[in-house]
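Biologist: I am new to this structure and would like a close look at a single part of it, the second largest cavity. What lines this cavity, and which helices supply the lining?

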Amino acid sequence: MDSKKLKILSTEDLLQLAEVNITDFRYGPSEIFKVAYEKFNADGNVGSSEKMHMEILISDLSTHASIQRQFREKFSGVNEDGSEIKYPDVDRDFPDAFFEYYEIRANETDNPRLKARYSDFIWERKRKFPLALIAIDAYLACSDVFYSLGWGRETKDALARAVQLALSINNKEKLKNAVEKTHSILDLMHQTKSFRYPFEIIGILIRNGSKIHDMLNLDNYLNILEDSISVYKSEPDAYQLQRANMEILVEINKMLRGEVKVETELTRIAETYIEEAKWKKEHYPNGNIVASHFYEEALKKYMELGNFPEKVEELKLKIAEANEQARLHEFQAVSATVEMQKERLDQYFQLSDQEDLEECIGNLISDPQIIPRWEDSIQAAEEQAKQLSILHKSPCSINKGNITVKKLFDPQEKIENQAVQQFVSHYKLEAHSVLILIFDKLFQRAGFLTKIEERFTESNFITEDRKFILMHGIQRFLDKDYISSTHILLFQVEGILRDILGKCGLPTFTYRNNEMRERMLPDIVETLGELRGFDPDFIRFINVFLNDIRGDNLRNDVAHGIVTHDVFNKSNSVLLIYLFLRLSNYRITSN
């Protein structure tokens, strides 16, 4: 009932309506009291308006805060001065006089919804035992009213609260009444095939099973749950509700110590993810993207179960297939014309023939186009998110081979992940179309290898031993042995970066579990990023290229042996040589 109709009524009619009408105030129980408050206030009736104020506050309290606490504020926020604001504030807005009024109302009203709220709030805040008894009976009366109105959620909540209160005061008679009423309504829901809330109600009983074990009717629960699953199997896209019922079946079978049946139910749950993947692939836009997510959930379930190696491998293939189909048919192509920078390369080639080799190296490592700007990558990712808004709202996976190693749901995480892809694409293109050609040209000049060695020698943080290893790796590159050159050069990066920390007077070790250990690459890169003088985009490149699971992650993947032979290519070797030349340009000085 809207406020316009309520304002036509007298205050007497409003209060009478509040006593007898539940149906019209399902979502706004305080509305009728707000209108009455305005009327009493306008008439100058201070006493009655104050009572309406008390009614409004208790009606506006939110419920289901937690098992230990039923009532809480409706909303909360922060004032301009930083202080917290709550409405209603459970701790500040309810003086003792208010509770005296609520107790009177709990005893005099015949409205079960109001009676339950008054008495339960007093019990929670003042621990008056007789009010808990009133609250239990009121909630059970509410459950009948709510069920007759078709209010499934409210029915479930009223039954749950009655059981919870009876358990909290350890009153066996009230507990027996609450469980019997719950069984009665469960049977009604079963008969009418109203299956949305039975599994939740049964779950509440089961989770209190240790306290009410002799009152449970497990066989009846099993029948209700199985019938519920059958109904939801006939409905399209109701897999989550199937699983919700199956999860309660798992809990019941655990109580019955039926290990075989527990495994059977867990297998059924896993299979629903596969069925859902198939259904969504057929019926959803971008169905392969969505299907991949549910195949991954099925894979997790089968891996948790164990003893299903063939199923695990089958699901890995399904994930790979869905991802590939999504890539081919569902990801919108974002294309751009890539023009070979002929003028730029011609200039490099001309200089490499004429200039001093030191100047050639200097021009190369100072070229701002080789390493992209992270800010540009972020902007490109944000623009792509706007253009592909529907796709951007879907979960995003970071895959390594056939395995999803991380699932991204947060929008900012997805933008950063896309920015990393943009960043990688840029420096990969530069390596392939610029760096390889330039290095090929420079290595043809006499003395270029010697000039690189001189740069390493002049560096005040590259040791002689490290230089020897680096030059050996570069020689393997010149011999076109990219597997060896990548292996040799790759694992010198961390050591050199750690040496830079030491040269800066920073600790090169950490102390964990009573052991002193060398600082690892992620920690080193993060620390270098905070030092003055290091190009943040270059530091970002080192991290993405070697250490970021969203990027190439080359150092970690090679170290753990999870790469294929094609990773050991000329482009990656060139990027490593470029990295060392760029590092050799830095000088560590005391400040």
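Modeller: A cavity here is a set of grid points where a 1.4 Å probe fits but cannot get out. The model is a predicted one. With that definition, a search of the whole structure turns up two cavities of 30 Å³ or more. The one you ask about, the second largest, has a volume of about 40 Å³.

Its lining consists of K156, L159, A160, V163, T182, I201, I204 and L205. Sorted by class, these are six nonpolar residues, one polar and one charged. Two helices, α8 (152-169) and α10 (198-207), each supply at least two residues of this lining. The largest share belongs to α8, which gives four residues.

For the setting, the protein chain has 591 residues, of which 46% are buried. Its secondary structure amounts to 29 helices and eight strands. Among contacts in the chain with a separation of 6 or more, 64% join residues 24 or more positions apart.

One of the other helices can be described in its own right. Helix α21 runs over residues 411-443, 33 residues in total. From its first C-alpha to its last it reaches 46 Å, close to the 48 Å expected at 1.5 Å a residue. Helix α21 also has a kink of about 40 degrees, centred on A431.

To return to the cavity, α8 and α10 each supply at least two residues of its lining, and the four from α8 are the largest share.

Terms used:
Residues are numbered from 1 along each chain as its sequence is written. This is a predicted model: local features need pLDDT of at least 70, side-chain atom pairs count only at pLDDT 80 or more; totals for chains, interfaces and linings use all residues. Side-chain values use heavy atoms; hydrogens and water are left out. On a 1 Å grid over the protein atoms alone, a cavity is a set of points where a 1.4 Å probe fits but cannot get out, and a pocket is an open set with protein on both sides within 12 Å along at least five of seven lines; lining residues have an atom within 4 Å of a point. Grid points are joined across faces, edges and corners, and a volume is the space filled by probe spheres set on the points. Ala, Val, Leu, Ile, Met, Phe, Trp, Tyr, Cys and Pro count as nonpolar, Asp, Glu, Lys and Arg as charged, and the others, Gly among them, as polar. The expected span of a helix is 1.5 Å times one less than its number of residues. The bend at a residue is the angle between axes fitted to the seven residues ending there and the seven starting there. Buried means under 20% relative accessible area, exposed over 50%, partly exposed in between (1.4 Å probe, protein chains only). Contact means heavy atoms within 4.5 Å.
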